[in-house]
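Visitor: I have a new model on my screen and would like a friendly tour. Could you walk me through it?

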Amino acid sequence: MKKTGILNRHLAGATAELGHGDGVLICDAGMPIPAGPRVVDLAFRAGIPSFQEVLEGLLEELVVEGATAAEEIRAANPAASGLLTTHFPATLTHVSHEELKTLSADAHLIVRTGEARPYANVLLRCGVFF
């Protein structure tokens, strides 16, 4: 039995399958989930687990070379916007929310959180550790 890191068996297995260039969408409870990508739904109750908890847990395990968020996050959810800016100061790009939804259809993995604040979504692009 694992004692550290991601304990959820579905999420741990899904992250182990990721490769360079694969997309991982971490999304709030309201984000439309497209057909196709593998989904690990962690949502339990409104706000649980939070976008921040899931993002930071995944960042401890993944190499990320870039991130994309919706432009709307800046005005509608300054806390989440600041969190992303802190974690990705040089590699964060913004697109419209509609474009982010379109891009999420090509993600390898979608991780749905219980986050109940708007636009708490980010599409990560996996890198390599060497």
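Guide: Gladly, and one term comes first: helices (H or I, at least four residues) and strands (E, at least two) are DSSP runs, numbered from the N terminus. This is a predicted model, where local features need pLDDT of at least 70, side-chain atom pairs count only at pLDDT 80 or more, and totals for chains, interfaces and linings use all residues. Residues are numbered from 1 along each chain as its sequence is written, and side-chain values use heavy atoms, with hydrogens and water left out.

Visitor: Which loop holds Tyr119?

Guide: Tyr119 has a phi near 60°, a positive value in a residue other than glycine. Most residues other than glycine have a negative phi. The place to look is the loop between strand E5 (109–112) and strand E6 (122–126).

Visitor: Is Tyr119 buried, partly exposed or exposed?

Guide: Buried means under 20% relative accessible area, exposed over 50%, and partly exposed in between (1.4 Å probe, protein chains only). Tyr119 has 26% relative accessibility, so the class is partly exposed.

Visitor: Which peptide bond is cis?

Guide: Most peptide bonds are trans. Look at the loop between strand E2 (38–41) and helix H2 (51–59), where Pro49 lies. With omega near -10°, the cis bond runs from Ile48 to Pro49.

Visitor: Why is Cys126 not bonded to Cys27?

Guide: A disulfide is a pair of cysteine sulfur atoms within 2.5 Å, and by this rule the count comes to 0 disulfides. Cys27 is buried, at a relative accessible area of 0%, and Cys126 is buried too, at 3%. The sulfur of Cys126 has its closest cysteine sulfur in Cys27, and the bond is ruled out because the distance is too far, at 15 Å.

Visitor: How are the rings of Phe129 and Phe130 arranged?

Guide: Rings of Phe, Tyr and Trp (its six-membered ring) pair if their centres lie within 6.5 Å; planes under 30 degrees apart count as stacked, over 60 as edge-to-face and the rest as tilted. The structure holds 1 aromatic pair. Both Phe129 and Phe130 are exposed. Their centres are 5.4 Å apart and their planes meet at 85°, an arrangement called edge-to-face.

Visitor: Which residues line the largest pocket?

Guide: On a 1 Å grid over the protein atoms alone, a pocket is an open set of points where a 1.4 Å probe fits, with protein on both sides within 12 Å along at least five of seven lines; lining residues have an atom within 4 Å of a point. The lining is Thr15, Ala16, Leu18, Gly19, His20, Glu61, Leu62, Val63, Cys126, Gly127 and Val128.
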